[in-house]
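Hi everyone, thanks for making time this morning. I'd like to walk you through a binding site, starting with the metals and then moving on to the ligand beside them in my notes. Have the picture open while I talk.

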Amino acid sequence: VLDEIASQPLTFSKTGFLRFPGRKSLLWSLAVPTCMVVALVVIAVGAFMPAAVVEAALDDAVMRSVHTAEQMRTLRSFYSEHVVAAAVRSGVRASATYKTEPSSIPVPTTFVLDAAEAFSTDSIKVSLVSPYPWPTRAGRVLDRFETDAWTHLAGTPDGRFVRRERVGGREVLRVAIGDRMDASCVACHNSNALSPKRDWKVGDVRGLIEVVTSIDAVTRGAEQLSWKLVVSIVLAGSLLLVLLLLIGMRLIRPLRDLTAVIHLIAGGHDQETLPHLDRGDELGTVARALQSLQEQTKERARAEAQITHMARHDGLTGLPNRVLFHQEMQRALTRVHRDEPFAVLCLDLDRFKSVNDTLGHPVGDALLVEVAQRLKTCIREGDMVARLGGDEFALLQHGTRDPTDATSMAERIIGALSTPCLVSGHTILIGTSVGIAFAPGDESDADDLLKAADMALYRAKSDGGGTFRLFEPEMDARMQARRLLEIDLGLALPNNEFQVYYQPIVSLSDYRVTGFEALLRWNHPTQGLVPPSDFIPIAEEIGAISSIGAWVLGTACADAARWPDEIKVAVNLSPMQFKSRMLVADVVSALEASGLPAERLEIEITETVMLQDTATTLETLNQLRSLGVRIAMDDFGTGYSSLSYLRRFPFNKIKIDQCFIRDMSEEHESMAVLRAITGLGANLGMVTTAEGVETLEQLCRLRAEGCTEVQGYFFSKPKPVEEVANMLRSIARQMGSLYDAPGKAA
Ligand code: C2E
Ligand code: MG
Ligand code: MG
């Protein structure tokens, strides 16, 4: 929603009203209906009010006229009953011409007429009219209204007859009611000799009492009143409208302010404080809600940014991680066709594992941070250095038009990492190997490109490390071959392709064979004999080493059980077997199945075993020791801190690595190490076995240095089990001849 708002240009009209394109202001939705309602009311009032007011005024005038007429009728009736009747009874005459007759009183009709005349004003006239031909009013003619009223009232004696007329240029209201005969009237009329009609009955309509009122003033007044009302309503409506607009403006302004702030926020501006926060009304609530929303959004954005950063960066070094590096490669690949070549350089640290293992993880971590710093100094702006995991790093170098661009970068990196690092008080000499792949050229897909650089790295490492290699397509073929080997290795055990070879170990005190070392061989169906150095690491990687190791143990024990009693068998164990926790059980079952006494089994471990989870390892070793199994430290002297392990576990034997024996004649240092180890072994009561003895000279020197046992091609190469007896015989013969020529042996 914020994006939507941000994408809409905010405009204000001249009046300051807020307008979104295509949307109406809230103000208009208030003003337009109000205007319409006010206009409708004004039209309605203008159209109907004057007529209604006049009508009401006329109704009022009618009522007043009827009232006057009724009063006149009451007066006549009263006069007839109580005046005329009494007077007649006392002998006074009632006459229509009473004015000329001194002792008479007026007859009721004359009385009423004269009284009405006396009451009449300019605006109201009362009269009594009748078509009845009383001799004194003979010839009297009723006008049109009176005729119609007479006809109407003859049918409805209690009704009234009303009409508006223009008389003499004036507007008048004429109202007539019936004048009815009462008992005294009937008695008088029916007995009077002058009366032309003598069959009157009580209630008969004898005439009309008519009231004529001038209504010019009434209608004028009503019209004026109605127009005043119209004007008042128009004014009130306009006032209401103005009031509403003012209220609307008051509401719109803060809304506009808040919308402007939302607009800014959506546009990425940071608003510290929002307007109208202190208002106590609904707008204040909206402002506060908005600020809270802004804070939450900021908080969420911060958290999201952190999570995104964490998801794309390495927590230890802060460098981009594999995910970000992969994205960067993909981005770079999309630009390759625009003549923007680049190189991917993969590197991993030589000897890092042993640093990590010997000096501990905190030192390893600090070293990685230092390496990351150094790598950053090697790259140009726009290039990327990432940590892919462990001690693996990768670089993306843009604009590599020439392979030398990348190779000189690789040289820079190797140079930067070959200077010793001072980490947590330790001076550590670390090196690196680099593999390089190019785009375009080597691969067209990010994964494949990284894989290509990785294969080049693999080659650089297997060529001795501390160097770089460019990817070549045949490396891919090698990797494929390795992958095929992995598949084949998984099937080797069930297919019975393994074979154990034995190499004799000879005592230097009496030149007798003390035992044989079991060395595993794989008869690959198509590749022939594969050396253990080629397949053991793969077996460790794919997790096949435990079952293979158990098979070797079983086979070696079973073979050794058929040898002379004094001859032992030595079996190499992989560090992975120590991790599986099945080791002790495997050893026990191999011994039980073969019947070989535990003392005749020797297991050889390398220092890598001692590096991992020492407490568990020591426990396993002690369990094996308590079975009676002998334990030898293999390849002694090649690791970082072999010596420290001798203190931690009482090994039965130290096997001096063949590199010391090989270099013994030329290198003074090797000789010194060798002497130290044999001395140490003698002091600790451990057997020292020299590996890789190939010459008589080596044999003699080792004997002179106090080494207790030797093993090597001088006596025999490792051979199948069927050759064990032959080996024993030939060594005995060989040694016999040595004894025969003691001067030579010395
Ligand atoms: P290792 O335990 O140090 O075995 C000695 C290696 O030195 C053997 O190589 C052996 O053939 C070789 N060797 C012996 N005498 C001489 C000599 O005079 N000159 C030279 N140049 N080499 C000599 P191999 O059989 O290729 O085994 C290599 C490594 O593979 C072994 O080193 C051992 O660590 C491992 N290995 C062999 N069999 C097994 C096994 O069953 N399990 C495990 N986990 N590792 C094994
Ligand atoms: Mg060995
Ligand atoms: Mg060895």
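Let's start with the magnesium ion that is ligand 3. Its protein donors are Asp634 (OD), Asp635 (OD) and Glu691, which appears twice through OE, and they lie 2.0 to 2.4 Å from the ion. Please keep in mind that this is a predicted model. Along the sequence, the donor residues of ligand 3 follow the spacing D-D-x55-E. The site ties together distant parts of the chain: Asp634 is in strand β21, while Glu691 belongs to the loop between β23 (687-690) and α23 (696-704), 57 residues apart.

Now, which residue coordinates both magnesium ions? That is Asp634, and the two ions, ligand 3 and ligand 2, are 4.0 Å apart.

So let's turn to ligand 2, the other ion of that pair. Here the coordination comes from Glu517 (OE), Asn572 (OD1), Glu604 (OE) and Asp634 (OD), at 2.0 to 2.2 Å. If you like reading patterns in a sequence, look for E-x54-N-x31-E-x29-D, the spacing of the donors of ligand 2. Again distant parts of the chain are linked, with Glu517 in strand β17 and Asp634 in strand β21, 117 residues apart.

Next comes ligand 1. How many residues surround ligand 1? There are 22, and the closest are Asn572, Asp634, Gln658, Glu694 and Tyr713. You have met two of those names already: Asn572 and Asp634 are among the donors of ligand 2.

What are these surrounding residues like? The shell around ligand 1 divides into nine nonpolar, six polar and seven charged residues. At least two shell residues each come from β17 (513-524), α14 (532-542) and β21 (630-636). Strand β17 gives the largest share, four residues.

We can also zoom in on single atoms. The side chain of Asn572 has an N or O atom 2.8 Å from an oxygen atom of ligand 1. Gln658 likewise places a polar side-chain atom 2.8 Å from an oxygen atom of ligand 1. With Leu520 the backbone takes part: one of its N or O atoms lies 3.1 Å from a nitrogen atom of ligand 1. On its own, ligand 1 has 800 Å² of accessible area, and the protein covers 82% of that.

Finally, where does ligand 1 sit? The space taken by ligand 1 is the largest pocket.

That's my tour, and I'm happy to take questions.

Conventions. Residues numbered from 1 in each chain as written. Chains lettered and ligands numbered in written order. Predicted model: local features only at pLDDT ≥ 70, side-chain atom pairs only at ≥ 80, totals over all residues. Heavy atoms only, no water. Near = heavy atom within 4 Å. Polar contact = N/O pair within 3.5 Å; in protein donor to acceptor, adjacent residues only side chain to side chain. Areas by Shrake-Rupley, 256 points an atom, 1.4 Å probe, with all protein chains shown as cover. 1 Å grid on protein atoms, 1.4 Å probe; cavity = no way out; pocket = protein on both sides within 12 Å on 5 of 7 lines; lining within 4 Å. Sits in = over half its atoms within 2 Å of the grid points. Nonpolar A, V, L, I, M, F, W, Y, C, P; charged D, E, K, R; others polar. Donors = N, O, S within 2.8 Å, 3.2 Å for Na, K, Ca; no water.
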